[in-house]
Amino acid sequence: MIKDFNFYAPTRVVFGRESEQQIGRLVVAAGGHKVLIHYGGGSAERSGLLGVVRSQLQNAGISFCELGGVVPNPLLSKVRQGIEMCRREGVDFILAVGGGSVIDSAKAIGYGVPYSGDVWDFWQGRAVPQACLPIGVVLTIPAAGSEMSSSCVITHDESLLKRGVNSDLCRCRFAVMNPERTYTLPAYQTAAGATDIMMHTMERYFSKYEDMTLTDAISEALLRTVKEAAIAVLDAPTDYRLRAQIMWAGSLAHNDLTECGTEKDFATHKLEHELSALFGVTHGAGLAALWPSWARFVCGRHLSRFVQFAVNVMGVPNDFAHPADTAERGIQAIEEFYRKIGMPTNVPELLGRPLTEAEIDTLVDKCSNGGTICVGAMEKIDAEAMRTIYRMANGTA
Ligand code: NZQ
Ligand code: ZN
């Protein structure tokens with residue numbers, strides 16, 4: 001079966017070594033007059049990128065204000081601060097300089113400025129965004145794919161609920177991507193980013209819609225490319241060719257291209273969001289700690305897909321007589337890959353200790369919204385299945 005689809009990817013991608021030199025022109029073309037430069041904890045200042053951004057805007061005659069300090073797994077409190085600042089300063093365009101956390105914070109501010117109610121309403125399902133300030137991105141880490149995605153993931157400071165809202169309104173007008181800007185990434189962030197990128201495609205590849213072979217071929221090429229580049233770049237962090245593959249893959253993995261004809265699963269993502277909200281871990285590392293357990297939980301009922309993944313992505317020889325063995329070897333191969341790039345393969349490796357049963361209760365309760373919702377599409381994961389997967393990943397199943 002091939003699922004019907006409606007593919008929409010309106011973001012202009014400006015990719016390459018000198019791409020920052022176009023920022024001023026791009027903001028003008030997008031109609032920005034007063035810009036909020038939004039950024040994270042300091043990497044963009046240290047690298048000199050923020051200096052380039054400021055002079056690009058100054059040279060284009062565009063006035064701006066600034067709000068930094070976005071933390072990984074971005075917080076609602078910063079979003080509220082941004083909304084207030086944008087209203088006070090009359091901002092009409094937001095320029096996110098950073099990764100998924102900064103971009104998502106920018107998107108949330110963009111939703112909040114024209115909305116008269118409480119911006120958290122959108123993540124609570126109490127309101128649907130009707131407008132968003134235009135957003136541009138200068139990407140510094142390939143990982144979340146937020147530069148081309150319709151999604152915006154924010155954590156509530158007090159309840160630690162981490163939730164996503166999806167709408168085409170927040171799709172970025174442009175994304176400036178210079179792979180050289182990712183040379184300064186710590187190895188752990190590079191590896192977690194590569195893991196997240198692969199997972200965005202895997203969350204669409206593991207689907208009950210198995211007949212769009214073109215999408216499969218694109219997905220498999222993307223996964224193999226990122227896997228090989230992620231290993232190689234750890235020894236060659238300033239290799240432009242490798243950084244470029246990973247950066248472009250990051251956008252394609254989450255702009256819905258690898259979902260054409262298939263379906264979003266995202267069970268592993270939903271399970272992970274609770275982990276990163278509660279423990280502040282890096283999203284990609286959390287995914288690596290959970291995916292092998294999700295895979296083993298569902299694999300037996302979807303063997304052909306797991307065999308295809310093992311053979312076409314992980315390079316496992318096909319043992320035609322024993323498909324379950326081939327599938328399991330594919331899961332083992334990705335665990336081996338995670339170890340090679342310094343990612344965990346289970347929760348104790350992620351946190352440095354196992355979860356307590358009380359913590360698993362909390363994770364399940366949040367992920368299932370008090371037992372009222374399931375996650376996943378290829379297979380519906382209810383609260384009981386969530387508990388089993390968390391326990392499997394914890395080594396306590
Ligand atoms: O804050 P600074 O100092 O900039 O440091 C950041 C941060 O500590 C650092 N960094 C970024 N670029 C760098 C750099 N350090 C050195 N050199 C550079 N060039 O990297 C750290 C991580 O940054 P962050 O933006 O948090 O990474 P990522 O892009 O992985 O974003 C993670 C967030 O995105 C969400 C995740 O859940 C998480 O909250 N996601 C968003 C999605 C979306 N909107 O479509 C989809 C994803 O599945 C994901 O859920
Ligand atoms: Zn992700």
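This report walks through helix packing, ring contacts and a handful of individual residues in a predicted model.

**Helix 7 and its partners**

Let's start with helix 7, which spans residues 187–205, and helix 8, which spans residues 213–235. Their axes come within 10 Å and cross at roughly 170°. An angle over 145 degrees counts as roughly antiparallel, so that is the label for helix 7 and helix 8. On the helix 7 side, the contact uses Ala187, Thr190, Ala194, Ile197, Met198, Thr201, Met202 and Tyr205. Helix 8 answers with Asp216, Ser219, Glu220, Leu222, Leu223, Val226, Lys227, Ala230, Val233 and Leu234. Sorted by character, the residues of this contact come out as 12 nonpolar, three polar and three charged.

Helix 7 also meets helix 10, and here the axes come within 9 Å and cross at roughly 135°. What is the orientation of helix 7 and helix 10 to each other? They are oblique. Helix 7 brings Asp196, Met199, His200 and Glu203 to this contact, while helix 10 brings Ala267, Thr268 and His269. The tally for the contact of helix 7 with helix 10 is two nonpolar, three polar and two charged.

Ala253 gives another view of this neighbourhood. The residue belongs to helix 9 and is buried, with a relative accessible area of 0%. Which residues does Ala253 contact, leaving aside neighbours within four places in sequence? They are Ile197, His200, Thr201, Arg204, Leu222 and Thr258. Ile197 and Thr201 also turn up on the helix 7 side of the contact with helix 8, where Leu222 is one of the helix 8 residues. His200, for its part, takes part in the contact with helix 10. Ala253 and Ile218 are 35 residues apart along the chain, and their C-alpha atoms are separated by 9.8 Å.

**Rings and charges**

There are 18 aromatic pairs in the structure. One of them joins Trp120 and Trp123 in a stacked arrangement, with 5.9 Å centre to centre and 10° between the planes. Are these two tryptophans buried or exposed? Both Trp120 and Trp123 are buried.

Ring pairs also tie Tyr205, Phe206, Trp291, Trp294, Phe306 and Phe309 into a cluster. Tyr205 does double duty, since it is also listed among the helix 7 residues that meet helix 8.

Then there are two arginines placed over rings. Arg17 lies over the face of Tyr240, at 3.8 Å from the ring centre. For Arg301 the ring is that of Phe297, and the charged end sits 5.6 Å from its centre.

**Residues in loops**

Two residues stand out for their backbone. Leu160 is not a glycine, yet it has a positive phi of about 55°. You'll find Leu160 in the loop between strand 6 (151–155) and strand 7 (162–166), and at 28% relative accessibility it counts as partly exposed. Phe266 also has a positive phi without being glycine, with a value near 60°. Phe266 sits in the loop between helix 9 (240–253) and helix 10 (267–279), and is buried at a relative accessible area of 10%.

Gly99 is in the loop between strand 4 (93–98) and helix 5 (100–112). With a relative accessible area of 9%, Gly99 is buried; its contacts, not counting neighbours within four places in sequence, are Leu139, Thr140 and Ile141. Gly42 occupies the loop between strand 2 (34–39) and helix 2 (43–46) and is buried too, at 12% relative accessible area.

Arg353 lies in the loop between helix 14 (347–351) and helix 15 (357–367). Its relative accessible area of 34% makes Arg353 partly exposed. Setting aside residues up to four places away in sequence, Arg353 touches Phe279, Val347, Pro348 and Glu359.

Here are the sequence and C-alpha separations for these last three loop residues:

| Pair | Apart in sequence | C-alpha to C-alpha |
|---|---|---|
| Gly99 and Gly40 | 59 residues | 8.4 Å |
| Gly42 and Gly68 | 26 residues | 7.9 Å |
| Arg353 and Asn394 | 41 residues | 8.9 Å |

Conventions
Residues numbered from 1 in each chain as written. Chains lettered and ligands numbered in written order. Predicted model: local features only at pLDDT ≥ 70, side-chain atom pairs only at ≥ 80, totals over all residues. Heavy atoms only, no water. Axes fitted to C-alpha atoms, helices over the stretch in contact; angles between N-to-C directions. Helix = DSSP H or I, 4+ residues; strand = E, 2+ residues; numbered from the N terminus. Parallel < 35°, antiparallel > 145°, perpendicular 65-115°, else oblique. Contact = heavy atoms within 4.5 Å. Nonpolar A, V, L, I, M, F, W, Y, C, P; charged D, E, K, R; others polar. Phe/Tyr/Trp six-rings, centres within 6.5 Å; stacked < 30°, edge-to-face > 60°. Buried < 20%, exposed > 50% of the residue type's maximum accessible area, 1.4 Å probe, protein only. Lys NZ or Arg CZ within 6 Å of the ring centre and 35° of its normal.
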